[in-house]
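Me: Please go through this model with me, one side-chain feature at a time. I will ask, and each reply should end on the value or name I asked for.

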Amino acid sequence: MTTKKGMSLKVQLYLLIAVLSVFTFGASLYNNISHMRGYLSEQLATHAEGAAHSLGLSISPYMDEEGLVIAKTMTNAVFDSGYYKSIQFFDIDNKLVFQRTNPDGLLAIPQWFITLFPLTPPKMTSEISDGWRIAGQLVVQSHAGTSYQTLYEHSLSTLKSTLLQLLFALVCAYFILKSVLTPLKSIEQQAADVIQKKFTLNNITPFTTELRTVVNAINNMVSNIQRAFNEQTQTAEKLSKEVYLDPLTELPNRRALLQKFDSLKAEFDVNINPIYLGLISMTSLQEINDNEGYTSGDEYILEGAHLINKILAPYSGVELYRISGSEFAILSSSTDESIKTISEHISESFIQAKTNRFPNGFAQHSIAKVKPTDGFGEVAKRLDTQLTLNNFNASPKHGIINTSDTQKRSREEWMGILRQFTEYFRNEVLKTDVNDFQIKCIPLDKAFDLMLQPIVNEQNEILYVESFVRFKYEDEVLPTVEVFAMAERLGVLVELEQAVVCFIFYKLQHVANTRVAINISDKVLHNTDFTEWLFKLYQQQEKTLPPILFEFNENAAISSLESTQAFIATAKANNINVAIERFGSSLSSFCYIRNFDIDFIKIDGSYIRDLAQADTQFFVQTVTQICHGIGIKLIAPQIETSQIAQKCALMNIDGMQGNGLYNVRNFNTIISSTAKVASQLELTYFNLPKEIGENDA
C-alpha cells in the first residue's frame with residue numbers, strides 16, 4: 001500500500017508560529033499606520049479650521065468693493081505659505097468672489113502607499129461678517145503633502161522596529177521549539193526503525209512530560225519485543241539443534257534428510273530439477289573404535305565430515321548429512337555435471353586420505369539419481385547394496401548409478417540453448433524504447449513459460465501469487481537448476497536473469513490488482529549491476545504492472561547481510577514487498593530477520609511435510625510467534641492435504657500454498673496474451689479441489 005508522505009509536526013509548528021507572528025505583527029503595523037493617518041487627518045482638519053477662522057476675522061473689515069483688494073492680498077499672504085490646497089471666498093449668494101488653488105504636484109512617496117493610506121483633508125468653512133451683515137463664506141482646505149511625508153517616514157520607522165521585533169520573536173520561538181521538539185526526531189527515528197523491524201532503545205530523556213511518556217512507552221514496547229524475540233529465537237534454535245542436527249558434527253541428521261528429500265521431490269513438478277542421493281560409509285570406524293578408543297573414532301568422523309564439506313563447499317544446492325554412526329548422506333538438486341565432478345573429487349580425496357591406520361580404507365561412497373517415483377528407502381537400499389559390493393570388489397564402483405535415462409548435453413549444445421534464451425533479449429529487448437517494451441518481448445514466449453500458484457490465507461483469499469519460469473527447448477522442458485548452472489558457467493547468467501524478468505513483466509501486463517511474486521536467484525541478488533537494472537526497469541514499467549513482491553531464499557539472504565539490506569531498502573522505496581523463502585533450511589540462527597524489513601517469510605517445505613510430528617509442530621508454532629512478534633507474515637508451502645492446511649490455520653499461519661489447495665497453472669491457460677484489458681487473478685483459475693479445512697473424503 002502506498003503511503004503519502006506528509007508534513008512533519010516540527011515544520012507544521014514552525015509554519016504555524018511564523019504565520020501567526022507575521023499576521024500579528026503585520027496587523028500591528030497596519031493599525032499603527034492607520035492610527036497615525038487618523039491623527040494626521042484630524043491635524044489637517046484643525047489646521048484648516050483655524051486658518052479659516054483667523055483669516056475670516058482678518059478680512060471681515062474689508063468686505064466692501066474697495067476693500068476686497070486688501071482681503072485678496074491678505075489671503076495671498078496666508079496661502080503662499082504652501083500649507084493649503086485651496087482658499088475660496090463666496091458671497092452671500094454663494095457666488096465665487098476669489099480663490100487660490102495649489103496643485104497636488106509630485107510627492108517623493110510611492111503611489112502604492114498613497115493608494116493604501118489615502119489622506120483627504122476636509123474643507124473647513126467660516127462665515128465672514130460685515131458689521132451685522134453676513135458678507136459671505138470662506139472655505140479653506142489644507143494641503144496633504146507634508147502630512148503624507150510625515151506618515152510615510154513614520155511608517156518606515158515603525159516597519160523597521162516591527163521587523164526587528166518580529167525577527168527577535170521568531171528566533172526566540174525557534175530555539176524554544178527546537179529545545180522542546182528535538183526529542184521528536186529521535187522518537188520518529190525509533191518509530192521508523194520499529195516499522196522496519198529494527199528494535200532499538202531510545203536513550204534520550206525529553207524535558208516535555210508528554211514526550212517523555214511517549215519515549216518510555218516505546219522503549220518498554222521495544223524491550224518487550226526484544227525479550228520475546230530473543231527468548232523465542234533461542235527456543236527455536238535449541239529445538240532445531242536437538243531435532244535436526246547431529247551433536248558431534250553439527251551436520252543435519254537423518255530426520256532432516258528425510259524431510260528435505262520429500263521436499264525436493266514435491267518441487268520436482270515445478271522446476272524439474274534432478275535429485276541425487278549419495279551415501280558415504282566411514283568403513284574403518286569400528287576398527288578405530290576398537291584399537292584407539294571412541295575419542296579417536298569421533299575424531300575420525302569429524303575428519304571425514306571436514307573433508308567432504310570442503311569438497312561440497314563450492315557447489316550450491318548440495319548438502320551433507322550424518323545419518324548414522326558411520327554414514328553420511330549427500331542430497332543434491334544440482335546438475336548432472338556437478339554431481340559427476342563431486343563424485344570424482346570424493347573418490348580422489350578418499351584414496352589420498354587412505355593410510356595403514358584405516359584397514360578398510362578411509363571411506364567409500366556411492367551416488368544415485370532419484371526418479372520422481374522413488375521413495376527414500378528404495379534409493380537408500382540401492383546405495384547400500386552398491387557400498388556392500390564395493391567392499392568385495394577389487395575395483396569398487398564409486399560412480400553415479402541409475403543415470404542411463406539422463407540425456408547428456410555437450411558444452412556446445414548448452415551454448416546453443418542459452419544463445420536462444422539470451423541473444424534476442426540482448427539484441428532487441430535490452431536496447432528497446434520503453435514504449436515498445438511489450439511488443440519486443442512477445443518472441444520470448446517461444447523460450448519461456450510462466451507458471452503461477454496462489455498463496456491464500458485462512459479466509460481463502462489470495463495474499464499473492466508466486467510465479468515460476470520454465471525453459472523450453474525443442475518441445476522439452478529443461479531443469480531450471482541446469483539452465484542457471486550452465487548459464488553461470490558460460491558467463492551469461494545475468495543476461496538470462498534479465499531476460500526472465502523482462503518476460504515476467506511482459507506477461508504481467510495482463511494482470512491487475514493481484515500481487516505477484518518474482519523469484520530473484522542467489523547468484524544475482526548481490527550483483528549491483530543487475531539490481532540497478534532491475535529497479536530501473538520496474539520504475540519504467542510500474543504503471544503497466546500489478547503489485548510486485550520479490551522473493552529470494554534464506555541462503556542467499558544470509559550470504560551477504562549488508563547487500564541484502566540494501567536490496568530490501570531499494571525495494572521498499574519502490575513500494576515492492578519482500579519475502580524470504582526456504583526459511584529454516586540452513587539450520588542457522590534466526591536473529592538475522594530482525595534487521596530485515598521484510599513482509600513475508602516462507603518456511604522451508606520440509607517442516608510442513610513433517611508437521612504430523614509434535615516437535616515439528618512446536619518448532620513451526622515458535623517460528624510463527626517470532627514472525628508475528630516483529631510484524632512478519634508466515635507462509636506454509638508444500639501443503640498436500642486439507643488436514644495439513646487445517647493444522648496450519650490452527651497455528652495462525654498467515655498464508656498457505658501447495659497442490660493440496662491450488663495447482664500450479666500455466667499463465668497462458670489462465671489469461672490470454674491477446675487480452676487488451678488487464679484482469680484480476682481469481683482462485684477459480686487454479687482448480688480448487690476442496691475448501692481449506694474440509695476433511696478428505
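**Ser60 and its surroundings**

Reply: Ser60 has a relative accessibility of 16%, so Ser60 counts as buried; buried means under 20% relative accessible area, exposed over 50% and partly exposed in between, with a 1.4 Å probe and protein chains only. This is a predicted model, in which local features need pLDDT of at least 70 and side-chain atom pairs count only at pLDDT 80 or more, while totals for chains, interfaces and linings use all residues. Residues are numbered from 1 along each chain as its sequence is written, and side-chain values use heavy atoms, with hydrogens and water left out.

Me: Which residue offers its backbone oxygen to a polar atom of the Ser60 side chain?

Reply: Ser60 sits in the loop between helix H1 (9–59) and helix H2 (68–79); helices (H or I, at least four residues) and strands (E, at least two) are DSSP runs, numbered from the N terminus. Leaving out residues up to four places away in sequence, Ser60 touches Ile128, Ser129 and Asp130, where contact means heavy atoms within 4.5 Å. The backbone oxygen lying 2.9 Å from a polar atom of the Ser60 side chain is that of Leu57.

Me: How far apart are the end C-alpha atoms of residues 12–30?

Reply: An unreviewed UniProt entry lists residues 12–30 as "transmembrane region"; such annotations may be inferred rather than shown by experiment. Over residues 12–30 the chain is 100% helix and 0% strand, and the distance between the end C-alpha atoms is 26 Å.

Me: How many aromatic pairs are there in the whole structure, and what is the geometry of the Phe358 and Phe362 pair?

Reply: Rings of Phe, Tyr and Trp (its six-membered ring) pair if their centres lie within 6.5 Å; planes under 30 degrees apart count as stacked, over 60 as edge-to-face and the rest as tilted. The search of the whole structure gives 28 aromatic pairs. The centres of the Phe358 and Phe362 rings are 5.2 Å apart with planes at 85°, so this pair is edge-to-face.

Me: Which elements hold Phe550 and Phe567?

Reply: Their ring centres are 5.8 Å apart and the planes meet at 45°, so the pair is tilted. Phe550 is buried at a relative accessible area of 0%, and Phe567 is buried at 3%. The pair ties together parts 17 residues apart in sequence, because Phe550 lies in strand S14 (residues 548–553) and Phe567 in helix H17 (residues 561–573).

Me: How far from Cys648 is the nearest cysteine sulfur?

Reply: A disulfide requires a pair of cysteine sulfur atoms within 2.5 Å, and the count is zero disulfides. Cys648 is buried, at 0% relative accessibility. The nearest cysteine sulfur belongs to Cys627, and its distance from Cys648 is 13 Å.

Me: Which residues share a salt-bridge network with Arg255?

Reply: There are 19 salt bridges, each a side-chain nitrogen of Lys or Arg within 4 Å of a carboxyl oxygen of Asp or Glu. For Arg255 and Asp610 the closest N and O atoms are 2.9 Å apart; for Arg255 and Asp615 they are 2.5 Å apart. Arg255 is in helix H6 and Asp615 in helix H19, 360 residues apart. Through shared partners, one network joins Arg255 with Asp610 and Asp615.

Conventions. Polar contact = N/O pair within 3.5 Å; in protein donor to acceptor, adjacent residues only side chain to side chain.
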